[in-house]
Amino acid sequence: MSLFITAPAMAAERIINLANGQTVSTAELAADLAQQDVLLLGEVHDNALHHQRRGELLKQLKQNTPMLHVVAEHLQSGQTVQWNGSLLADLEHAGFNAKSWQWPAHEGLFAAIRDAGISLTGGNLAPEQARSIARQGASALPAPLASILQQAPLSPSAVATLNQDLLDGHCGQLPTQHLPAMLLAQRARDAAMFTALQAGSGMAVLVAGNNHVRRDYGIPVIYQSLLPGQHLRVVGFVEENPELMTQLDSLRRQYDYVWITPAQDRPDPCQ
């Protein structure tokens with residue numbers, strides 16, 4: 001059996017407005033996003049094209065939205081990147097882990113942010129903090145994050161969906177007794193990134209994995225509970241697959257737009 005998932009020949013790269021199923025241009029997408037208070041831009045972490053496209057989109061938005069700040073899952077909360085030297089060196093000085101994030105996959109995103117003069121700050125938990133929550137559960141959760149999550153509980157269906165995604169993400173090998181703590185660690189990261197988004201001025205943009213930006217169990221749940229008046233858009237960046245067009249109803253519950261790119265060849269992580 002091959003260890004690689006082969007990218008099928010599919011339709012061209014495209015953006016779909018899930019409200020009506022219509023394909024839109026980048027300019028049409030940017031025009032809508034420019035009217036919002038908060039943008040959540042997802043990613044498949046190792047897909048360099050997703051990062052390149054988000055960088056191009058942010059450059060376009062910056063032209064008409066001078067007050068713009070980006071929060072990144074890839075950096076710890078409280079860290080701000082100072083652009084003084086080489087791209088990677090500046091990121092690493094702010095705590096970016098090049099190996100963990102498979103550099104240079106994200107180069108196109110961060111280079112565009114730097115070149116456009118956009119503020120870049122971290123939003124994630126420190127890795128050791130996330131590990132403690134995953135091991136110990138609520139006793140390791142910082143009080144401010146616990147308060148946020150208490151005010152923004154997930155519905156039973158959202159919990160079931162997130163649990164299944166956590167199981168799938170661990171190739172079905174995660175013992176079910178560990179699910180509550182793993183779910184709490186995931187949601188703690190969401191709460192940390194929500195806090196970072198609220199700390200800046202002007203339009204707030206998050207760049208993070210698709211599961212963090214999903215409307216059904218991600219950061220939008222927190223906004224809906226704590227700041228329902230905020231105008232928010234969610235763009236999922238997904239890869240083409242043979243069943244994608246039959247999944248639009250499901251995707252509509254997760255995102256406002258999907259930006260579809262060719263599937264990337266990669267080793268099967270469950271082999």
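Which residue in β6 is the bridge partner of H69? The partner is S119. This is a predicted model. Its strands include an open sheet of eight, with mixed pairing.

**The sheet as a whole**
- The strand order is β3-β2-β9-β8-β4-β7-β5-β6.
- β3 (22-24) and β6 (119-124) stand at the edges. Each has a single partner strand, so one side of each is left without a neighbour in the sheet.
- On average, neighbouring strands of this sheet are turned by 25° against each other, direction ignored.

**The β5 and β6 pair**
- Strand β5 covers residues 68-76.
- β5 pairs with β6 in the parallel sense, over five bridges.
- H69 and S119 are bridge partners, with S119 in β6.

**Strand β8 and its partners**
- Strand β8 spans residues 232-239 and is mostly covered. Seven of its eight residues are buried.
- β4 and β8 run parallel and are joined by four bridges. V38 has L232, in β8, as its bridge partner.
- β8 also pairs with strand β9 (residues 257-261), again in the parallel sense and over five bridges. Here V235 stands opposite Y257 in β9.

**Helices across the sheet**
- Helix α4 (residues 107-115) lies across β5, β6 and β7 (203-207). It runs at about 145° to β5.
- Helix α8 (residues 179-199) lies across β4 (38-41), β5, β6 and β7. Its direction is at about 150° to β6.

Note on methods
Residues numbered from 1 in each chain as written. Predicted model: local features only at pLDDT ≥ 70, side-chain atom pairs only at ≥ 80, totals over all residues. Heavy atoms only, no water. Pairing = 2+ DSSP bridges. Helix = DSSP H or I, 4+ residues; strand = E, 2+ residues; numbered from the N terminus. Axes fitted to C-alpha atoms, helices over the stretch in contact; angles between N-to-C directions. Contact = heavy atoms within 4.5 Å. Buried < 20%, exposed > 50% of the residue type's maximum accessible area, 1.4 Å probe, protein only.
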